[in-house]
Each structure stands twice: as structure tokens, then as C-alpha cells.
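Work through the following exercises with the model open beside you. Each one sets a task and then gives a solution in steps.

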Amino acid sequence: MWAYRRGGWLLVAIGVIHCAIGLLLSWGIVAAWSAAGWWHSIERPGVMHMDRFAALWFQVAGVSWVLLGWLTQQWLDRLGTAPASLGWALLVMGLLVAYVLPVSGAWLFVALGLRMAWPPRQLRRVA
């Protein structure tokens, strides 16, 4: 039951880990990006820096999971349960990513999705 009640914080942790790993793995890209100046430095006429684009969206995804996790935890704290559809969405997303990228953190979403899709019995009776 602990993992369910803290499911939002677990999603926050996944997002923070994602951002940290992304920053470590793309440190050289971020340094070059910084040297080029941040403003309008991903896409310019005739040039698309896909490495910078990927680094940016890697961070955006991580921050989005932090925000979704925080929102989920607020929901759990106030109502005691979260919509099972959130768990199913995390599970499907995790399975799709794990299928194309098996050595990744996608398995964290699979585990969290499984836990969030089926609330503990005690909570199912209340909801």
C-alpha cells in the first residue's frame, strides 16, 4: 500500500532522476549550446541542432513527470485514490518505451503503472 499512497512522489523521483541522467549524458551538448548562446540556438535557417533539440525535450519530459507526480500526490493526499486510468497510461507508456528501448528507465513506469492501475483492496472499498 505504501507504493500506492506515495505514487505521486515516486513519479516525482522518476522525473528528477530522468533530468539528472539527461544532464549528465548531455553535458557536452549543453556546454556547446551555452557557448552558442541560448536564444534561438536550436534551429536557425538551414541548421537544426538535433542534439540540442533532444537534450531540451529530454529535460521537458522529466520536468513534466515531476509536475504530474506532484499533482498526483496532491490528488492522493486529498482523495485517497487516483484514477486507475493514470496507472494504465503509465503502464502503456512504459511498455511501449521498453519495447523499443529495453535498457532504460521505462521499467520504472511499468512498475508504477501496475501499482497505480490497481489500488489496494482497502482503498477500492472506500472509493
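## Exercises on helix packing

H5 passes H6 in a left-handed crossing. The coordinates come from a predicted model, and the exercises begin with this pair.

**Exercise 1.** Determine how H5 and H6 are oriented relative to each other, and describe the residues that form their contact.

*Solution.* Begin with the geometry: the axes of H5 and H6 lie 7 Å apart and make an angle of about 155°. Angles over 145 degrees count as roughly antiparallel, and H5 and H6 are therefore roughly antiparallel to each other. Next, list the contact, to which H5 contributes residues including Trp88, Leu91 and Leu95, while H6 contributes residues including Trp107, Phe109 and Leu112. Finally, sort the contact residues by class, which gives 16 nonpolar, three polar and no charged residues.

**Exercise 2.** Carry out the same analysis for H2 and H6.

*Solution.* The axes of H2 (residues 7-25) and H6 (residues 106-117) come within 11 Å and cross at roughly 170°, so that these two helices are likewise roughly antiparallel to each other. From H2, the residues in contact are Gly7, Leu10, Leu11 and Ile14, and they meet Leu108, Phe109, Leu112 and Met116 of H6. By class, this contact holds seven nonpolar residues, one polar residue and no charged residue.

**Exercise 3.** Classify the packing of H3 against H4, and state which classes of residue meet there.

*Solution.* Helix H3 (residues 27-35) and helix H4 (residues 50-79) have axes 10 Å apart, at an angle of about 110°. Because 65 to 115 degrees is the range for roughly perpendicular axes, H3 is roughly perpendicular to H4. The crossing of H3 and H4 is left-handed. On the H3 side the contact is made by Ile29, Ala32 and Trp33, and on the H4 side by Asp51, Arg52, Ala55 and Leu56. These comprise five nonpolar, two charged and no polar residues.

**Exercise 4.** Find the salt bridge in the structure and explain which parts it ties together.

*Solution.* A search of the whole structure yields one salt bridge. Its partners are Asp77 and Arg6, whose closest N and O atoms are 3.8 Å apart. Since Asp77 lies in helix H4 and Arg6 in the loop between H1 and H2, the pair ties together parts that are 71 residues apart in sequence.

**Exercise 5.** Decide which helix should be read with the most caution, judging by mean pLDDT.

*Solution.* The protein as a whole has a mean pLDDT of 91, with 95% of its residues at 70 or more. Among its elements, helix H7 (residues 121-126) has the lowest mean, 60, whereas helix H5 has the highest, 97. Where pLDDT is low, the predicted coordinates should not be read in detail.

Note on methods
Residues numbered from 1 in each chain as written. Predicted model: local features only at pLDDT ≥ 70, side-chain atom pairs only at ≥ 80, totals over all residues. Heavy atoms only, no water. pLDDT = per-residue confidence, 0-100. Helix = DSSP H or I, 4+ residues; strand = E, 2+ residues; numbered from the N terminus. Axes fitted to C-alpha atoms, helices over the stretch in contact; angles between N-to-C directions. Parallel < 35°, antiparallel > 145°, perpendicular 65-115°, else oblique. Left-handed = near helix turned anticlockwise from the far one by under 90°. Contact = heavy atoms within 4.5 Å. Nonpolar A, V, L, I, M, F, W, Y, C, P; charged D, E, K, R; others polar. Salt bridge = Lys/Arg side-chain N within 4 Å of Asp/Glu carboxyl O.
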